[in-house]
Amino acid sequence: MKRTKIVDIFDPQLIGQQVSVKGWVRSRRGNKHVQFVALNDGSTIKNIQIVFDMAKFTDEQLKPITTGASLHVIGQLVESMGKGQTAEIQAETLEIYGTADPETYPMQKKGHTMEFLREKAHLRPRTNTFGAVFRIRHHMAIAIHKFFHDHGFFYFHTPIITASDCEGAGQMFQVTTKNLYDLKKDENGSIIYDDDFFGKQASLTVSGQLEGELAATALGSIYTFGPTFRAENSNTPRHLAEFWMIEPEVAFADLSDLMDLEEEFIKYCINWALENCKDDLEFLNNMIDKGLIERLKEVVSTEFVRLPYTEGIKILEEAVAGGKKFEFPVYWGCDLASEHERYLVEEHFKKPVIMTDYPKDIKAFYMKMNEDGKTVQGTDVLFPQIGEIIGGSVREEDYDKLMTRIEEMNIPMKDMWWYLDTRRFGTVPHAGFGLGFERLLLFVTGMTNIRDVIPFPRTPNNAEF
Ligand code: 4AD
Ligand code: MG
């Protein structure tokens, strides 16, 4: 008999029919006449209640039914008298696939801390919270592809192993097959890579942007969506060493086109969650963050503030003059800390802010210089609870200006010739951005630590599972 997924079982047409369900036990309760088992198969946050009439089953048969055990039940689907559920199954046959010893199975009913569950990352998808988060993660990935596909963007695959440092911040993980116990060095003590696998120093990419620009200047509009890596030693609730990034790149786009795209895209994704992840969002709203759904609805219906950095600094300086205390100093030229970003978004404007025109010295080499010679056309999208969710820019399309920045910033040139060719042959104005997928998920799920929106987080001192 064909299995029915629990997500499909609450269809009123199925009432009265015999169904077959398979899943993991969430709980069991009852008395000597009747036993109730809540079964979940991961297809939805909802459990189906299985009713065992103890005139038909023995205690011995039901004994292995403890939290975490896996079952196959066939029975009749009937309307339920119980509160909060529409249907339940009157069990006729029971098959136990696997038991879960209550003494040692760590995912008991309730009350585990997020820290505890992180140590059990191999089993936490079986909890309600992580089931909800990972279903939403899937739906967000679908939303992203749908948005770009419908807007005529091509999904372009950029390499994971690379020899260039897009952000120029030197936060790369090396990829090598060299014997680390016996490294060949030149007279200055520098490692010789000639005999390494790629014949040069190679790393895991921090961003697909540079190759994305090659594609945009050929296919027009592209996006990447893949893993990226940063060896930054930041132990914060918003940083991962391995995270997923979405990077659209658009030929012929200017700053205003870029901001329009950022805003439309992010609203589309949040709307998608509101429409396609209702049950999971309601669960998270009840259990994790009572303001979640309200906040999501607010963001999709509000117009984002567009704010030049220089004006942002003025607002922050006024706040400081008015008695507001920040941990880090505010001055023109400073790189905004998350406390500054959150002040602007959560307290001053009370809506998302797209900040633009940053001082050139705190941004990457590829950003287009403004006429003032001091600021560049970079944009960060700042969100409530999160801070920076998107980083993007108009790209410097002028070969000479780009070269000047590369030299001023000491960007290693020898591996960049192919990138510079875009400016040498048929260069065009273009722009793009990077959205941190896990930052988006933090916002959409209301979870507060980025380690809890990716199945197996990679952070300093942690590569378990
Ligand atoms: O601002 P970033 O560093 O920008 C770039 O990498 C550009 N090349 C993107 C582009 O224009 N195509 O990173 C972009 C976004 C950030 O806004 C943030 O959401 C996320 O990536 N991000 C991280 N997410 C999790 N952990 C980290 N360590 C992250 N670093 C950046
Ligand atoms: Mg950034």
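This is a guided tour of one protein model with a bound ligand, moving from the ligand to two sheet regions and then to two residues with unusual backbone angles. Please keep in mind throughout that the model is predicted.

**Stop 1: the ligand and its shell**

Begin by selecting ligand 1 together with its surroundings, where you will find 25 residues, the closest being Glu167, Gln209, Glu232, Glu247 and Glu388. If you colour this shell by residue class, it divides into nine nonpolar, eight polar and eight charged residues.

Next, show the side chain of glutamate 167, one of whose polar atoms lies 2.7 Å from a nitrogen atom of ligand 1. Then add glutamate 247, which likewise places a polar side-chain atom 2.7 Å from a nitrogen atom of the ligand. Finally, select arginine 395, where the contact is with an oxygen atom of ligand 1, at 2.9 Å from a polar atom of the arginine side chain. With these contacts on screen, consider the ligand's surface: taken alone, ligand 1 exposes 630 Å², and the protein buries 94% of that area.

**Stop 2: the strands that line the ligand**

Which strands each supply at least two residues of the shell around ligand 1? Select strand E11 (242-251), strand E15 (387-394) and strand E16 (430-436), for these are the ones that do so. Of the elements around the ligand, E15 deserves a closer look, since its five residues are the most that any gives to the shell.

**Stop 3: a three-stranded open sheet**

Now leave the ligand and select strands E7, E9 and E8, which form an open sheet in that order, with antiparallel pairing. Its edges are strand E7 (161-162) and strand E8 (174-175), each of which pairs on one side only. To follow one pairing in detail, display E7 beside strand E9 (residues 202-204), where two bridges join the strands in the antiparallel sense. Within this pair, isoleucine 161 can be found opposite leucine 204 of E9.

**Stop 4: strand E2 and its two partners**

Move on to strand E2 (residues 34-40) and ask whether this strand is mostly covered or mostly open. The strand is mostly covered, as five of its seven residues are buried.

Select strand E1 (residues 18-30) as well, and you will see that E1 and E2 pair in the antiparallel sense over six bridges. The connection between E1 and E2 is a hairpin that passes through three residues. For an example of the pairing, pick glycine 30, whose bridge partner in E2 is glutamine 35.

Then bring in strand E3 (residues 48-53), which also pairs with E2 in the antiparallel sense over six bridges. Here a useful pair to label is alanine 38 and its bridge partner in E3, glutamine 49. While looking along these strands, it may help to remember that in a regular strand the side chains alternate between the two faces of the sheet.

**Stop 5: two residues with positive phi**

For the last stop, select glutamine 385 in the loop between strand E14 (375-383) and E15. Although it is not a glycine, glutamine 385 has a positive phi of about 75°. Its relative accessibility is 36%, so glutamine 385 counts as partly exposed.

Finish at phenylalanine 465, in the segment after helix H13 (437-445). Phenylalanine 465 is again a residue other than glycine with a positive phi, here near 70°. With a relative accessible area of 39%, phenylalanine 465 is partly exposed.

Technical notes:
Residues are numbered from 1 along each chain as its sequence is written. Chains are lettered from A and ligands numbered from 1 in the order in which they are written. This is a predicted model: local features need pLDDT of at least 70, side-chain atom pairs count only at pLDDT 80 or more; totals for chains, interfaces and linings use all residues. Side-chain values use heavy atoms; hydrogens and water are left out. A residue is near a molecule or strand if one of its heavy atoms lies within 4 Å of it. A polar contact is a pair of N or O atoms within 3.5 Å; within protein, one must be able to donate a hydrogen and the other to accept it, and residues adjacent in sequence count only if both atoms are side-chain atoms. Accessible areas come from the Shrake-Rupley method with a 1.4 Å probe; for residues, only the protein chains shown count as cover. Helices (H or I, at least four residues) and strands (E, at least two) are DSSP runs, numbered from the N terminus. Ala, Val, Leu, Ile, Met, Phe, Trp, Tyr, Cys and Pro count as nonpolar, Asp, Glu, Lys and Arg as charged, and the others, Gly among them, as polar. Two strands pair if DSSP finds at least two bridges between them. Buried means under 20% relative accessible area, exposed over 50%, partly exposed in between (1.4 Å probe, protein chains only).
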